[in-house]
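Reader: I'd like to practise reading helix packing and burial from a model. Could you walk me through it?

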Amino acid sequence: METRPLAALVSSLVSQALLLLLLIFQSNPNLILPSPLSQTLITLLRLFSSPHLTATTSHLPLNRKRRLEEIDELEIQEEEDDEETEEEDNDHRIIEEMTHCSALDPHPNPDYFKLHFGMRSATFEWLASLLDPLIDSRDPSDSPFRLPTTTRLALALARLSTGADYADLSSRFSVSEPAARFCTRHLCRVLCTNFRFWLAFPSSPELLRPVSSGFSSLAGLPGCCGALAPARFHLDRGPATAFLVADVSSRILSFSVKFHGERSGFEVLKQSSLYKDAMEGRLLGPEQYLVGDESQHLYPWLMVPFAKPVPGSCEEDFNLALRVMCWPARRAIYSLHNWRVLSRLEKESAKVAVAFIGTCAILHNILLMKEDDSALADVGEEFLLSSEQYRNEEKHTTDNKAILLRSTLAVKARECGTL
């Protein structure tokens with residue numbers, strides 16, 4: 001076996017062993033994993049996904065329908081397998097059509113990568129290095145038709161960033177339309193299969209403390225571990241409804257999307273593992289909660305605004321604080337639309353469209369991790385604070401714990417003089 005595939009295989013085995021160990025402890029309440037050891041395992045898991053140790057799961061037999069419930073899901077729905085089977089059969093034919101493609105040449109314009117690929121050139125180079133064993137793994141090592149990783153990545157990112165159709169990409173990169181389509185879908189498959197942990201909700205209350213500290217600094221209220229907001233995308237077969245949870249930096253902590261019919265953000269939330277874990281007390285610690293808007297329901301773990309606050313009251317102060325705390329989630333949603341393909345999903349199948357949405361969410365977090373200013377939309381806070389989508393009556397709740405926590409936080413909002 002060649003050196004690179006062997007290294008990738010070893011890295012993949014170690015990464016999966018570390019992840020399995022974490023999942024065993026998280027799924028069994030009788031097993032207690034010390035916080036320092038938990039953080040060490042997570043650090044090692046990320047290390048084995050570094051540019052020099054990236055694993056390729058193409059060398060391992062995978063069950064494509066395997067789901068890890070402990071990692072909050074990117075719910076890519078399964079349609080008929082015919083389309084994917086046909087795509088697999090055409091892989092080698094598509095690669096052969098790439099014969100005359102060359103590697104991506106550097107560009108003298110410093111904004112070129114940001115305009116055409118949605119990121120700075122340094123981030124592009126880092127991502128190409130990280131994904132090289134995975135993107136390049138389908139090509140036989142002795143194939144004369146190998147397409148450079150940078151070109152494959154550029155094709156996919158150009159589709160996602162600019163929304164260019166496959167005919168435009170074909171002309172621009174001198175490849176066939178099937179080749180452009182293959183590169184884009186392959187990148188989505190690689191990211192959604194191997195890097196879903198970048199959309200994983202923190203696995204313990206200890207890991208949530210930095211998130212809580214960020215929101216406390218933003219609005220003065222303790223205990224908030226994320227802001228939740230709904231989003232909607234238009235597909236050929238109808239709208240896809242999603243929700244995400246973001247931290248104060250607009251990093252996406254959890255993401256879920258459904259495309260079956262008209263669904264509210266709350267309906268999508270109820271079908272997620274995040275909701276199940278929260279309702280069963282596995283998601284957050286005591287006095288920890290998420291915040292949402294008027295479209296959500298009040299729970300001990302989810303604080304929403306008072307429907308009809310008395311003017312000048314602490315309830316009104318709480319609502320104002322909540323609007324500020326929800327701002328990072330709204331900005332994350334708005335920033336996702338920097339990936340213009342999300343406004344042009346009508347020609348894609350539902351399965352591929354949802355994969356595009358998830359891929360853009362992962363790329364959003366990658367850009368934030370790399371401190372790439374391409375990640376966040378250039379939009380004023382005033383716009384986001386005034387763009388409320390819902391003005392519904394408050395949903396009735398008899399949960400005294402939720403009512404008490406919200407009332408306590410309302411008093412705290414008045415004491416802090418939040419706004």
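Author: Sure. Let's start with H9, which is mostly covered, with 14 of its 18 residues buried. Keep in mind that this is a predicted model.

Reader: How far does helix H9 reach from its first C-alpha to its last?

Author: Helix H9 runs over residues 177-194 and reaches 26 Å, close to the 26 Å expected at 1.5 Å a residue.

Reader: And how do I describe two packed helices?

Author: You give the angle between their axes and the distance between the axes. Take H9 and H14: their axes come within 9 Å and cross at roughly 60 degrees. H9 and H14 are therefore oblique to each other, as roughly perpendicular would need 65 to 115 degrees. The crossing of H9 and H14 is left-handed.

Reader: Which residues make that contact?

Author: From H9 you have Thr-184, Arg-185, Cys-188, Leu-191 and Cys-192. H14 brings Val-352, Ala-355, Phe-356, Gly-358, Thr-359, Ile-362 and Leu-363. Sorted by type, the residues of the contact of H9 with H14 come to 8 nonpolar, 3 polar and 1 charged.

Reader: At what angle do the axes of H13 and H14 cross?

Author: Helix H13 (residues 314-336) and helix H14 (residues 350-369) cross at roughly 115 degrees, with axes that come within 10 Å. That makes H13 roughly perpendicular to H14. The crossing of H13 and H14 is right-handed. In this pair, Ala-332, Ser-335 and Leu-336 of H13 meet Cys-360, Ala-361 and His-364 of H14. The residues of that contact divide into 4 nonpolar, 2 polar and no charged.

Reader: Back to burial. How many residues of H7 are buried?

Author: In H7, 13 of the 14 residues are buried, so the helix is largely enclosed by the rest of the structure. Helix H7 covers residues 149-162 and reaches 20 Å from its first C-alpha to its last, close to the 20 Å expected. Just after H7 comes Gly-163, whose phi is positive, near 75 degrees.

Reader: What about a loop residue? Is Leu-284 buried or exposed?

Author: Leu-284 sits in the loop between helix H12 (273-279) and strand S4 (289-291). Its relative accessibility is 14%, and because buried means under 20%, Leu-284 counts as buried. Leaving aside neighbours within four places in sequence, Leu-284 is in contact with Phe-201, Leu-208, Cys-225, Tyr-289, Leu-290 and Trp-301. Look at Pro-202 too: Leu-284 and Pro-202 are 82 residues apart in sequence, with their C-alpha atoms 9.4 Å apart in space.

Key:
Residues numbered from 1 in each chain as written. Predicted model: local features only at pLDDT ≥ 70, side-chain atom pairs only at ≥ 80, totals over all residues. Heavy atoms only, no water. Axes fitted to C-alpha atoms, helices over the stretch in contact; angles between N-to-C directions. Helix = DSSP H or I, 4+ residues; strand = E, 2+ residues; numbered from the N terminus. Parallel < 35°, antiparallel > 145°, perpendicular 65-115°, else oblique. Left-handed = near helix turned anticlockwise from the far one by under 90°. Contact = heavy atoms within 4.5 Å. Nonpolar A, V, L, I, M, F, W, Y, C, P; charged D, E, K, R; others polar. Expected span 1.5 Å × (residues − 1). Buried < 20%, exposed > 50% of the residue type's maximum accessible area, 1.4 Å probe, protein only.
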